[in-house]
Amino acid sequence: MSFTQTEISSVRYRGDHLLILDQQQLPEHTVYLNVTKIEHVWDAISKLNVRGAPAIGIAAAFGLVIWTKQYKGEDLPAFLAALQKQHDYLATSRPTAVNLFWAIRRITEAAAKAESVAQAVSLIELEALLIQKEDEETCRKIGEHALSLLKNGDALMTICNAGGIATARYGTALAPFYIAKEKGWNLSVYANETRPVLQGSRLTAWELQANGIDVTLITDNMAAHTLKTKNIAAVIVGCDRVAANGDTANKIGTFGLALQAKALGIPFYVASPLSTVDLETKSGDDIPIEERPAKEVTHLAGKRIAPEGIKVFNPAFDVTPAQYISAIVTEKGIVTGDYKNKLPKLFQEDQSS
Ligand SMILES: CSC[C@@H](O)[C@@H](O)C(=O)COP(=O)(O)O
């Protein structure tokens with residue numbers, strides 16, 4: 001199967017239903033789930049059919065949209081109270097990626113401006129469409145900024161999937177590869193397979209290969225050796241939540257990569273939309289880390305690979321302390337060091353522009 005960046009779309013809004021690219025079936029099958037109910041959106045987020053911080057936010061926002069389309073009633077306060085309940089319900093689907101909470105809050109805030117239920121429904125739809133459109137623009141800008149840290153011919157390393165299918169388009173950490181290709185540059189990337197659920201091998205390798213980008217797959221325990229021997233210019237990763245002090249939660253294994261990069265003197269970059277920066281979370285210690293079912297560790301492709309009854313620890317994310325992060329690349333530019341003082345300034349500029 002081959003596609004271009006224009007065709008990649010993790011969430012497609014179709015008025016009364018959503019088409020969600022089922023990322024659990026990739027790379028074997030490219031299947032869109034037909035989603036007609038908010039409960040299905042909750043399930044799709046929780047079961048990783050749609051995953052990646054921005055895509056989770058987009059799916060949740062449209063989940064509220066399809067709920068409004070089924071709502072019967074003309075009383076605005078009752079509608080807003082019911083909307084808040086649906087907001088709170090979706091907020092329980094996954095805990096770490098702050099884009100989920102950011103997006104559904106934007107939806108309830110948009111609805112609060114309405115003077116009738118009909119107007120609220122229309123404002124909610126517009127807001128969800130805007131969140132999706134803005135994310136595409138944001139990702140492109142992140143890609144352009146990230147590229148300014150790189151040069152033609154560089155080899156990089158990444159983990160998990162922070163690509164087009166984790167966002168509206170382009171991705172965050174993978175955006176520079178797409179922009180580089182447009183410019184006729186040659187960037188190559190080593191993708192960590194990303195146990196336990198293999199977003200690196202199933203998604204990143206698939207997405208980049210389908211777009212003609214030079215990608216080499218490695219298992220997670222090959223990272224240090226690869227960094228040391230393959231002349232890697234930088235590690236670039238996405239993120240699920242950046243705390244006010246720059247500590248960053250991303251897919252489990254990211255912290256290990258940051259430590260390895262530091263030990264080898266290789267820059268470690270985090271690609272982050274401002275929607276993933278959470279100034280209300282003071283430090284990495286305050287970021288809730290999702291723990292997922294043991295079966296993700298004890299089984300591979302449905303086959304048991306560990307003894308029955310074994311104890312399992314399965315954190316989905318880890319936190320890289322700010323001191324290991326060479327730069328955070330946002331749509332508003334690149335921030336290096338002193339994140340605590342510099343990150344809030346990006347939001348101030350955001351409001352004045
Ligand atoms: C642009 S996506 C950024 C992050 O959400 C990504 O790196 C990641 O860790 C995703 O984890 P996942 O558990 O697959 O949702």
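Me: Where is the place of Tyr-170?

Reply: Tyr-170 belongs to the loop between strand E4 (155-158) and helix H6 (175-183); helices (H or I, at least four residues) and strands (E, at least two) are DSSP runs, numbered from the N terminus. The model is predicted: local features need pLDDT (the predictor's confidence in each residue, from 0 to 100) of at least 70, side-chain atom pairs count only at pLDDT 80 or more, and totals for chains, interfaces and linings use all residues. Residues are numbered from 1 along each chain as its sequence is written.

Me: What is phi of Tyr-170, and is Tyr-170 buried or exposed?

Reply: Phi is near 70° for Tyr-170, which is a positive value in a residue other than glycine. Burial is read from the number of other C-beta atoms, placed from the backbone, within 10 Å of a residue's own (20 or more, buried; 12 or fewer, exposed; in between, partly exposed). Tyr-170 has 26 such neighbours and is therefore buried. Leu-198, in the loop between E5 and H7, is not a glycine either and has a positive phi of about 65°. Its 21 C-beta neighbours inside 10 Å mean that Leu-198 counts as buried.

Me: Which peptide bonds to proline are cis?

Reply: One is the bond from Leu-26 to Pro-27, with omega near 0°. Pro-27 is in the loop between strand E2 (18-21) and strand E3 (32-35). Another runs from Arg-195 to Pro-196, with omega near 5°. Pro-196 is placed between strand E5 (188-192) and helix H7 (199-210), in the loop.

Me: How is the protein chain divided?

Reply: The chain has domain 1 (11-138) and domain 2 (141-352), with bounds that come from an automatic or database domain assignment. Their C-alpha centres are 25 Å apart. Contact (C-beta atoms, placed from the backbone, within 7 Å) links 24 residues of domain 1 with 28 residues of domain 2. On the domain 1 side, H2, helix H4 (98-111) and helix H5 (117-147) each supply at least two residues.

Me: Which residues touch the most other members of the largest nonpolar core?

Reply: A nonpolar core is a set of buried Ala, Val, Leu, Ile, Met, Phe, Trp, Tyr and Cys residues joined through C-beta atoms within 7 Å. The largest one here has 101 residues, and Ala-59, Ala-60, Ala-61, Val-235, Tyr-269 and Ala-271 touch the most other members. Helix H2 (residues 53-70) gives the most to this core, 12 residues. The core lies between domain 1 and domain 2 because both give residues to it. Beyond its neighbours within four places in sequence, Ala-60 is in contact with residues including Val-41, Leu-90 and Ile-104.

Me: Which residues around the ligand come nearest?

Reply: Such a shell is defined by C-beta atoms, placed from the backbone, within 6 Å of the molecule. Of the 19 residues around the ligand, Arg-51, Gly-52, Ala-166, Gly-238 and Lys-251 come nearest. H2 and strand E9 (248-251) each supply at least two residues of the shell, and each of the two domains gives at least three.

Me: Where does pLDDT stay under 50?

Reply: It does so over residues 1-6. Where pLDDT is low, the predicted coordinates should not be read in detail. For the protein chain, the mean pLDDT is 96, and 96% of residues reach 70 or more. The predictor gives the complex an ipTM of 0.99 and a pTM of 0.96.

Technical notes: Two residues are in contact if their C-beta atoms, placed from the backbone, lie within 7 Å.
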